[in-house]
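Here's a quick look at one strand with its partners, and then at the aromatic rings. Have the model open as you read.

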Amino acid sequence: MKIKHIKAYWLRCPIPAGRQWRSDYGQLTHFDMTLVEVTDEDGHTGYGEAKAAVGATGACASIVTCIEQELAPQLVGMEAGNITAVWEAVYNGSRDHYARDRGRVFPILGNRGTTISALSGIDTALWDLKGKRLGVPVIELLGGSCRESMPCYASGGWAAVDKLGDQLKSYVDHGYGGIKMRVGVMDNSVRETVARVEEARRALGQEIDIMVDAHGTFSVTEARRFARMTEDLGLYWFEEPVTSDNKAGTAEIRRGTTTPIAAGESEFTRFDFRDLIEHKSVDVLQPDCAIVGGITEARRVAALAETHQLELAPHCWGSAFSFMAGVHLAFSSPSAVYIEHSLGGNPLLYDLVKEAPQVADGRIQQPTRPGLGLEINPDFVQKFRV
Ligand SMILES: [Mg+2]
């Protein structure tokens, strides 16, 4: 069945005042996303997300233009079920016939950035559409599920040292066996960040997994000092210690600590992940289906994780569509252990769809509904469309 329409919507919705938070990105007052809608000639529709930024906010105008003005004219009329062929057509542009003839990539100039984010949304929507058309969940198309349920870790932990213990304990009270807290530049010193992590361990005890995320804000020296000072706290992972531009620096930090290093949420394509692996920078790969190139490319990253015996932990901070894309991917891969579950106020996770993804007692069940398993709430789209 051929692709008939591809549409993109920039949605911007306010976060209720009581549920906002402050990170190194500033005070988070609203969430943005690009919602991508692909319809085939039979009227089946799939949805995906394309991201302009890894945090909650970001201007999506250029991604909407890229999808509707540049990619849609190229892709309308292609077979909707040939998802890999669509991916390669975007990546290789006018030289795609060479790519298919020679068996290697001939990428267009824009093979990172906006184009790959835009492709991510289209690709994810095509998986959703194919699953709905066949009446099976995406996980079935990915080879079936490796497990019946998976543990989630609660992602949040922004509070200062005096309030952090209570904040994290409120997560654990909901049944989460792991939590993630932000560390890094917002604290006045490495010593202050270390004190917050020590407080987290004290408040939660030894049995709860603690991940820390610096959003790439430490220098290499600071990150090495932090890793050394927290070495005995048994952290589950140290995420994005320094900017993703510094893969060699990330490797230097990894060499100096036994704490596993996680990264990859802002990387584009499997080739960026190959570079992370070749630099020996990481223990945990974190592709974001709304950035890396959709489920197709995230699955290729999962294969790298499986090959190199690294943990796969999809970045699931976004709308219900990128969240569930990461969930289907994680359930399909033997290398995935944990699902990220955002505890910030996020209407795109809870209100954009008629029934939000269910996490109960810190666990999420294997997806069983067709496609990504979500039903769009059209009133929400109309209300928050920019
Ligand atoms: Mg992160």
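In this predicted model, the side chains of strand E4 split between two directions: His30, Asp32, Thr34, Val36, Val38 and Asp40 point one way, while Phe31, Met33, Leu35, Glu37 and Thr39 point the other way. Whichever way they point, all are buried. That fits the tally for E4 (residues 30-40), where eleven of eleven residues are buried.

So much for the side chains; here is how E4 pairs up.

| Partner of E4 | Sense | Bridges | Residues standing opposite |
|---|---|---|---|
| E1 (residues 3-14) | antiparallel | eleven | His5 and Thr39 |
| E5 (residues 45-50) | antiparallel | six | Gly48 and Val36 |

E4 and E5 form a hairpin with four residues between the strands, and Gly43 takes a positive phi near 90° there.

Now for the rings. The model has 14 aromatic pairs. Take Trp158 and Trp317: their ring centres are 6.3 Å apart and their planes sit at 70°, so this pair counts as edge-to-face. Trp158 is in the loop between strand E6 (149-156) and helix H6 (161-172), and Trp317 is in the loop between strand E12 (311-312) and helix H12 (320-332), so the contact ties together parts 159 residues apart in sequence. Both Trp158 and Trp317 are buried.

Which residues do ring pairs link into a cluster? They are Tyr153, Tyr236, Trp237 and Tyr338.

One more ring has a charge for company: the charged end of Arg300 sits over the ring of Trp87, 5.0 Å from its centre.

Definitions and conventions. Residues are numbered from 1 along each chain as its sequence is written. This is a predicted model: local features need pLDDT of at least 70, side-chain atom pairs count only at pLDDT 80 or more; totals for chains, interfaces and linings use all residues. Side-chain values use heavy atoms; hydrogens and water are left out. Buried means under 20% relative accessible area, exposed over 50%, partly exposed in between (1.4 Å probe, protein chains only). Two strands pair if DSSP finds at least two bridges between them. Rings of Phe, Tyr and Trp (its six-membered ring) pair if their centres lie within 6.5 Å; planes under 30 degrees apart count as stacked, over 60 as edge-to-face and the rest as tilted. A charge sits over a ring if NZ of Lys or CZ of Arg is within 6 Å of the ring centre and within 35 degrees of the ring normal.
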